[in-house]
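Trainee: Could we go through this model together, taking each descriptive term and asking what justifies it?
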Amino acid sequence: MKVKDPAKIRRWRKQRHYSQDQLAYLVNRSQQSISLIERGEMTSISEGFAIALAARLDVPWEDLFEAHEIQVGSAVSSEVHSAANKVPA
């Protein structure tokens, strides 16, 4: 998941009266992870982490994160194409 606005996460954390360490404990991550997100140095996190943060901050995850687009079609078509071009032994 892509972090939309790191400052928004920090504002919500402060509004809920959590320190970075407290929020980290509640979502089973390190304080450093929370700090990196809030400083904009960690721009992509796992879906589970994003949902846990949003739940603890009591904010819809869509307000804080964007889901990554999965490009399954191109990966599948590339493999099919390369398999089709192989010459049988």
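Mentor: Let us start with the backbone: in this predicted model, Asp58, placed just after helix 4, takes a positive phi of about 60°.

Trainee: Leu57 is found in helix 4, residues 47-57; why is Leu57 counted as buried?

Mentor: Buried means under 20% relative accessible area, and Leu57 has 0% relative accessibility, so Leu57 counts as buried. Leaving aside residues up to four places away in sequence, Leu57 touches Ile9, Trp12, Arg13, Arg16, Tyr18, Leu23 and Leu64.

Trainee: What makes the buried residues of helix 4 line one face of the helix?

Mentor: The buried residues there are Phe49, Ala50, Leu53, Ala54 and Leu57, and because they fall within an arc of 130° when seen down the axis of helix 4, they line one face. In general, an α-helix has 3.6 residues a turn, so residues three or four places apart point the same way. The face of helix 4 turned away from the buried side carries the exposed residues Glu47 and Ala55, while what covers the buried residues includes helix 1, helix 2, helix 3, helix 5 and strand 2.

Trainee: Why are helix 1 and helix 3 called oblique to each other?

Mentor: They pack at an angle of about 125°, with their axes 7 Å apart; roughly perpendicular covers 65 to 115 degrees and roughly antiparallel begins over 145, and helix 1 and helix 3 are therefore oblique. Pro6, Ile9, Arg10 and Arg13 of helix 1 make this contact with Ile34, Ile37 and Glu38 of helix 3, and these residues divide into 4 nonpolar, no polar and 3 charged.

Conventions: Residues are numbered from 1 along each chain as its sequence is written. This is a predicted model: local features need pLDDT of at least 70, side-chain atom pairs count only at pLDDT 80 or more; totals for chains, interfaces and linings use all residues. Side-chain values use heavy atoms; hydrogens and water are left out. Axes are lines fitted to C-alpha atoms, for helices over the stretch in contact, and angles run from 0 to 180 degrees between N-to-C directions. Helices (H or I, at least four residues) and strands (E, at least two) are DSSP runs, numbered from the N terminus. Angles under 35 degrees count as roughly parallel, over 145 as roughly antiparallel, 65 to 115 as roughly perpendicular and the rest as oblique. Contact means heavy atoms within 4.5 Å. Ala, Val, Leu, Ile, Met, Phe, Trp, Tyr, Cys and Pro count as nonpolar, Asp, Glu, Lys and Arg as charged, and the others, Gly among them, as polar. Buried means under 20% relative accessible area, exposed over 50%, partly exposed in between (1.4 Å probe, protein chains only). The arc is that of the directions from the helix axis to the C-beta atoms.
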